[in-house]
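Please look over the chain below. A short report on its fold, its helices and its charged side chains follows.

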Amino acid sequence: MTAGRGDRAAPPAPHGHWEVRFADAAAAKGWESLAQQARENTYRAWVTMRTTPGPVTETPRHHRLRSC
């Protein structure tokens, strides 16, 4: 079954961490594609979103996730 809106991006987060959920099916599909291309970087992004979801300083290589 394909992930969709409201589904978790990975296994449940440990106590005290945030859960990363998809906004829609396109986000889920994009996440899977990204994980296939850059597995380690995708994992590190997931861990960062889980532990420190607050705003960070943008750089030319890092952009805020946008919401629909």
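## Overall fold

The chain holds two helices and zero strands. The model is predicted. Of the 68 residues in the chain, 13% are buried.

The chain exposes about 6000 Å². Carbon and sulfur atoms supply 55% of that area. Among contacts with a separation of 6 or more, 32% join residues 24 or more positions apart.

## Helix 1 and its start

Helix 1 covers residues 25-37, 13 residues in total. From first C-alpha to last, helix 1 reaches 19 Å. That is close to the 18 Å expected at 1.5 Å a residue.

D24 sits in the segment before helix 1. At the start of the helix, a side-chain oxygen of D24 comes to within 3.3 Å of the backbone nitrogen of A26. D24 has a relative accessible area of 25%, so it counts as partly exposed. Buried would require under 20%.

## The salt bridge

How many salt bridges does a search of the whole structure find? The search finds one. Side chains of opposite charge can pair when their charged atoms come close.

R21 and E19 form a salt bridge, with their closest N and O atoms 2.7 Å apart. That distance lies within the 4 Å cut-off for a salt bridge. Neither partner is buried. R21 is partly exposed because its relative accessibility is 45%. E19 is also partly exposed, with a relative accessible area of 37%.

## R50, a buried arginine

R50 belongs to helix 2, residues 39-51. Is R50 paired or unpaired in terms of salt bridges? R50 is buried yet has no salt bridge. The nearest side chain of opposite charge is E19, 9.6 Å away. A salt bridge needs a side-chain nitrogen within 4 Å of a carboxyl oxygen, so E19 is out of range for R50.

Which residues does R50 touch, leaving aside those up to four places away in sequence? They are A13, P14, H17, W18 and V20. His is not counted as charged here, so H17 does not enter the search for an opposite charge.

## Charged residues in summary

E19 links two parts of this account. E19 forms a salt bridge with R21. E19 is also the nearest side chain of opposite charge to R50, at 9.6 Å. R50 is buried, whereas R21 is partly exposed. D24, partly exposed as well, reaches the backbone nitrogen of A26 with its side chain at 3.3 Å.

Note on methods:
Residues are numbered from 1 along each chain as its sequence is written. This is a predicted model: local features need pLDDT of at least 70, side-chain atom pairs count only at pLDDT 80 or more; totals for chains, interfaces and linings use all residues. Side-chain values use heavy atoms; hydrogens and water are left out. Helices (H or I, at least four residues) and strands (E, at least two) are DSSP runs, numbered from the N terminus. The expected span of a helix is 1.5 Å times one less than its number of residues. A polar contact is a pair of N or O atoms within 3.5 Å; within protein, one must be able to donate a hydrogen and the other to accept it, and residues adjacent in sequence count only if both atoms are side-chain atoms. Buried means under 20% relative accessible area, exposed over 50%, partly exposed in between (1.4 Å probe, protein chains only). Contact means heavy atoms within 4.5 Å. Accessible areas come from the Shrake-Rupley method with a 1.4 Å probe; for residues, only the protein chains shown count as cover.
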